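Thanks for coming. I will take you through one structure this morning, starting from a turn and working outward.

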Amino acid sequence: MLKHIDMSRECLPTPQAAKRANLSRLHIARLLRDNKLEGFQLGREWFVYVDSLERYLASPRKTGPKKKQPIDEQMEADKHAQRSASH
């Protein structure tokens with residue numbers, strides 16, 4: 001976050017920055033608060049400097065947790081049957 005607005009830099013409102021980066025608006029807001037993105041607040045709206053967003057997107061980042069793969073229902077039923085038979 002910057003205390004002033006740099007008019008020489010292109011900026012995007014948070015929703016557009018989120019769409020461009022394929023991230024949620026909440027995540028963009030968190031990045032701004034954590035000073036991982038440069039931007040400014042004008043009234044209630046937050047703006048992100050495009051060059052800052054591009055640098056962030058180009059930098060290596062950890063990925064979030066992997067989504068669980070769907071389990072075949074038959075495999076799940078077999079596991080349940082094995083557990084029941086062993087008790």
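**The hairpin and what surrounds it**

Let me begin with the hairpin. Strand 2 and strand 3 make a hairpin, and two residues lie between them. In that turn, Gly-43 has a positive phi of about 70 degrees. Please keep in mind throughout that this is a predicted model.

The two strands of the hairpin pair in the antiparallel sense, over four bridges. One place to look is Leu-42, which stands opposite Glu-45 in strand 3.

Now the sheet as a whole. In what order do the three strands of the sheet come? The order is 1-3-2, the sheet is open, and the pairing is antiparallel. Strand 1, residues 11-13, and strand 2, residues 39-42, each have a single partner strand, so they stand at the edges and one side of each has no neighbour in the sheet. On average, neighbouring strands here are turned by 30 degrees against each other, direction ignored.

On the other side of the pairing, strand 1 is joined to strand 3, residues 45-49, by three bridges, and these two strands also run antiparallel. Within strand 3, Val-48 has Leu-12 opposite, and Tyr-49 has Cys-11 opposite.

As general background, side chains in a regular strand alternate between the two faces of the sheet.

Next, the aromatic residues. How many aromatic pairs are there? The count comes to two. Phe-40 and Phe-47 form a stacked pair, 5.2 Å centre to centre, with 15 degrees between the planes. Phe-40 and Tyr-49 form a tilted pair, at 5.5 Å centre to centre and 50 degrees between the planes. Phe-40, Phe-47 and Tyr-49 therefore belong together as one aromatic cluster, given that rings pair if their centres lie within 6.5 Å.

Are these rings buried or exposed? Phe-40 has a relative accessible area of 5%, so Phe-40 is buried. Phe-47 is at 17% and is buried because the limit is under 20%. Tyr-49 is buried too. The ring of Tyr-49 also has a charged neighbour: the charged end of Arg-9 sits over that ring, 4.0 Å from its centre.

On to the core. Nonpolar side chains tend to be buried together in soluble globular proteins. Here the largest nonpolar core has 12 residues, among them Leu-12, Ala-21, Val-48, Leu-53 and Tyr-56. Which elements give two or more residues to this core? They are helix 1 (14-21), helix 2 (25-33) and helix 3. One member, Ala-21, is in contact with Leu-53 and Leu-57, leaving aside neighbours within four places in sequence.

Last, two loop residues. Most residues other than glycine have a negative phi. Asn-22 has a positive phi, near 60 degrees, and lies in the loop between helix 1 and helix 2. Asn-35 also has a positive phi, of about 60 degrees, although it is not a glycine. Asn-35 is found in the loop between helix 2 and strand 2. Relative accessibility is 70% for Asn-22, which therefore counts as exposed. For Asn-35 the value is 54%, so Asn-35 counts as exposed as well.

To go back to where we started: the hairpin of strand 2 and strand 3 is part of a three-stranded open sheet, and Phe-40, Phe-47 and Tyr-49 form one aromatic cluster. That is all I have.

Note on methods: Residues numbered from 1 in each chain as written. Predicted model: local features only at pLDDT ≥ 70, side-chain atom pairs only at ≥ 80, totals over all residues. Heavy atoms only, no water. Pairing = 2+ DSSP bridges. Axes fitted to C-alpha atoms, helices over the stretch in contact; angles between N-to-C directions. Core = buried A, V, L, I, M, F, W, Y, C linked by side-chain atoms within 4.5 Å. Buried < 20%, exposed > 50% of the residue type's maximum accessible area, 1.4 Å probe, protein only. Contact = heavy atoms within 4.5 Å. Phe/Tyr/Trp six-rings, centres within 6.5 Å; stacked < 30°, edge-to-face > 60°. Lys NZ or Arg CZ within 6 Å of the ring centre and 35° of its normal.
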